[in-house]
Amino acid sequence: MESNFVITKSKKEIESSNLKGPIDTPFSWSDVLYQTIAKNAGSLNISHEALDVHIGTEVEEKTAIKFIGKTWPKDPSDVKDITYAELLHDTKILSQSLSRLGLSKGDVLFSLSPRLPQSYLMALATLRSGAVYSPLFSVFGPGPIQARMNKGKAKALFTLASLYHKKIDSIRAELTTLTYLIILDDDGSAKDIPNHIDFNELLSEDYIESNEVITTADDLALLHFTSGTTGVPKGAMHVHAAVVYHNLTGKWALDFKRDDIFWCTADPGWVTGTSYGIISPLCNGVTLIIDEAEFNARRWYEILQNFKVTNWYSAPTAMRMLMKAGEELPREYDLSSIRFASSVGEPLNPEVIWWAKKNLGISLHDNWWQTETGGIIISNFSSMEIKPGSMGKPLPGIEVELVSLNEKGFEFVKGPDTEGQIVIKKGWPSMFRGYLGETERYLKCFKDDWYLSGDLAKKAQQGYYWFVGRLDDVIKSSGHLIGPFELESLLMEHPAVLEAAVIGIPDKMVGEIVKAFIVLKKDYKGDERLRLDILSFARVHLGASIAPREISFIDNLPKTRSGKIMRRLLKARELGTPEGDTSMLEIT
Ligand code: ATP
Ligand code: MG
């Protein structure tokens with residue numbers, strides 16, 4: 001899998017990187033946690049670490065949030081700057097109002113809101129109040145909202161009047177634990193909503209310092225639902241201790257510098273959009289860009305150029321959408337402000353890295369983590385040579401091993417070509433502390449001191465990790481274990497292929513045969529000639545034993561709303577078996 005081509009780093013990049021090698025120097029997360037708690041006289045709160053720490057420093061008056069409204073750039077004035085001091089001021093008041101309402105430690109506040117400054121404020125205020133913050137992706141329909149809110153015993157909901165009418169009104173009677181409905185009136189229709197609290201009124205109260213709630217490192221802070229790629233989404237619970245991890249890993253894996261203009265394109269409805277879209281950048285005193293609008297390739301280039309984004313965190317799907325928009329478009333823009341670019345959420349195919357290098361002039365740094373890990377675990381950091389297709393190396397203080405779980409039990413696997421399940425030694429502060437309402441399932445994620453991730457990888461030269469696939473997606477054929485990532489990446493190297501997903505189809509002779517679903521680049525027609533051409537391309541490069549035997553051309557791959565390919569759905573559709581939970585399916 002390892003290619004001979006690497007992206008080497010300049011002397012300047014290596015010298016200015018926040019994380020210089022070697023990364024196996026002893027480092028203990030419990031020391032950092034202990035020191036932070038000691039500094040705070042025993043308490044720990046995410047919102048304090050994100051905001052209060054900057055008061056009295058040069059960060060205080062700098063822009064924390066640069067909000068770009070939907071009507072920008074048509075209306076150039078639709079941009080709003082909020083300083084760290086202003087954000088803290090409002091967070092304190094709102095947090096106190098939430099406590100006065102009756103929200104206390106452990107109560108869960110759900111937020112169903114598009115990317116608006118008020119939803120970021122609500123996240124910080126909820127965390128400060130000691131309540132648990134649970135973001136919902138605003139495009140969810142009533143069903144997924146109800147399921148999550150009831151599972152989380154929602155005590156409060158923050159949403160917009162327009163969203164309430166569309167999604168909550170019909171299920172309100174079923175939300176039996178819901179006590180406080182906080183509404184931001186975005187269209188004048190709040191007056192029709194019974195029993196609600198006006199968001200702006202909560203902001204108009206006086207603040208009394210002595211009312212501050214004290215939280216500790218072990219208090220619950222966040223409830224994040226997983227993406228639902230492999231089944232019904234799980235509710236991962238996180239504590240305030242996670243903030244020390246968010247803070248430092250942002251500095252290391254995302255290379256935050258004080259003057260950064262940082263754009264995390266993940267919606268705060270997902271863990272990435274909260275851990276690294278709100279908490280980590282604020283802890284690091286950088287300016288974060290919030291774009292209210294949905295994806296549009298031209299708009300994205302305009303934002304990168306006009307707001308001089310220096311640090312950009314995105315996802316492979318988003319990159320492939322930019323690829324789809326073509327090579328001409330980025331040439332119209334000056335993207336030279338981008339100093340550091342990174343990606344998460346899915347395997348980052350080498351083809352995408354080379355495309356971004358050639359057409360956007362950036363080196364994409366892949367990193368790997370999960371809702372359960374709460375923060376980045378394996379990453380390509382700034383000073384590192386990038387080996388396209390590799391996720392990078394574990395961060396300091398993180399012990400990663402690969403294991404095979406076989407009849408003998410738990411066995412560490414070694415050697416560059418041996419794949420194993422990624423396991424992480426317990427003890428990093430952002431590790432999840434439970435699956436909501438599923439204790440058994442949570443306990444099954446651990447074996448002795450190790451957390452079992454459910455993902456397969458290989459560890460090759462110089463300690464670089466290479467993603468193989470999820471355990472659920474691995475294909476078993478003629479005694480080989482075939483990881484979808486390698487095959488899909490290879491298929492993407494064919495000039496006609498934009499996206500690819502492979503699955504295993506049961507076969508009496510060999511166990512499973514590989515079938516590929518392919519989305520073509522525009523201007524290509526999925527005829528028999530092209531099908532044979534791609535099949536033979538795959539056979540030449542992969543060998544007959546693992547190359548796909550069948551190919552289907554498809555307009556769009558089924559993806560979760562967070563942009564991940566749902567291979568299980570392709571398989572169910574192919575085999576005519578039940579599709580399982582499809583609430584996370586993005587409707588295209
Ligand atoms: P569910 O657990 O509900 O099936 P999910 O695993 O997709 O959904 P997330 O926690 O959002 O939910 O995603 C984490 C998973 O995403 C990882 O376990 C891995 O499979 C994949 N992933 C994330 N980053 C990368 C990466 N850089 N390379 C490869 N895979 C990645
Ligand atoms: Mg998962």
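Pro73 sits in the loop between β1 (63-68) and β2 (79-83). In this predicted model, the peptide bond that joins Trp72 and Pro73 is cis. Its omega is about 5 degrees.

A second backbone feature lies in another loop. Ala41 is found between α2 and α3 (46-50). Ala41 is not a glycine, yet its phi is positive, near 55 degrees.

Now step back from Ala41 to α2 itself. This helix covers residues 29-39 and packs against helix α9, residues 242-253. The angle between the two is about 120 degrees. Their axes are 10 Å apart. The crossing of α2 and α9 is right-handed.

Which residues of α2 and α9 meet? From α2 come Trp29, Val32, Leu33 and Thr36. From α9 come Val244, Tyr245, Leu248, Thr249 and Trp252. By class, the residues of this contact are seven nonpolar and two polar, with no charged residue. Thr36 of α2 and Thr249 of α9 are the polar pair, because threonine falls outside both the nonpolar and the charged lists.

The ligand site comes next. Ligand 1 is surrounded by 22 residues. The closest are Thr226, Thr229, Thr230, Asn367 and Thr371. The shell around ligand 1 has a mixed make-up: six nonpolar, nine polar and seven charged residues. Compare the contact of α2 with α9, where no residue is charged.

Which strands each supply at least two residues of the shell around ligand 1? They are β14 (364-368) and β23 (465-470). β14 gives the most, with three residues. Asn367, one of the closest residues to ligand 1, has a number that falls within the β14 range of 364-368.

Polar contacts add detail to the site. The side chain of Thr229 places an N or O atom 2.4 Å from an oxygen atom of ligand 1. The side chain of Lys564 does likewise, with an N or O atom 2.7 Å from an oxygen atom of the ligand. Gly345 takes part through its backbone: one of its polar backbone atoms is 3.1 Å from a nitrogen atom of ligand 1.

How much of ligand 1 does the protein bury? Taken alone, ligand 1 exposes 630 Å². The protein buries 95% of that area.

Terms used:
Residues are numbered from 1 along each chain as its sequence is written. Chains are lettered from A and ligands numbered from 1 in the order in which they are written. This is a predicted model: local features need pLDDT of at least 70, side-chain atom pairs count only at pLDDT 80 or more; totals for chains, interfaces and linings use all residues. Side-chain values use heavy atoms; hydrogens and water are left out. Axes are lines fitted to C-alpha atoms, for helices over the stretch in contact, and angles run from 0 to 180 degrees between N-to-C directions. Helices (H or I, at least four residues) and strands (E, at least two) are DSSP runs, numbered from the N terminus. A crossing is left-handed if the near helix is turned anticlockwise from the far one by less than a right angle, and right-handed if clockwise. Contact means heavy atoms within 4.5 Å. A residue is near a molecule or strand if one of its heavy atoms lies within 4 Å of it. A polar contact is a pair of N or O atoms within 3.5 Å; within protein, one must be able to donate a hydrogen and the other to accept it, and residues adjacent in sequence count only if both atoms are side-chain atoms. Accessible areas come from the Shrake-Rupley method with a 1.4 Å probe; for residues, only the protein chains shown count as cover.
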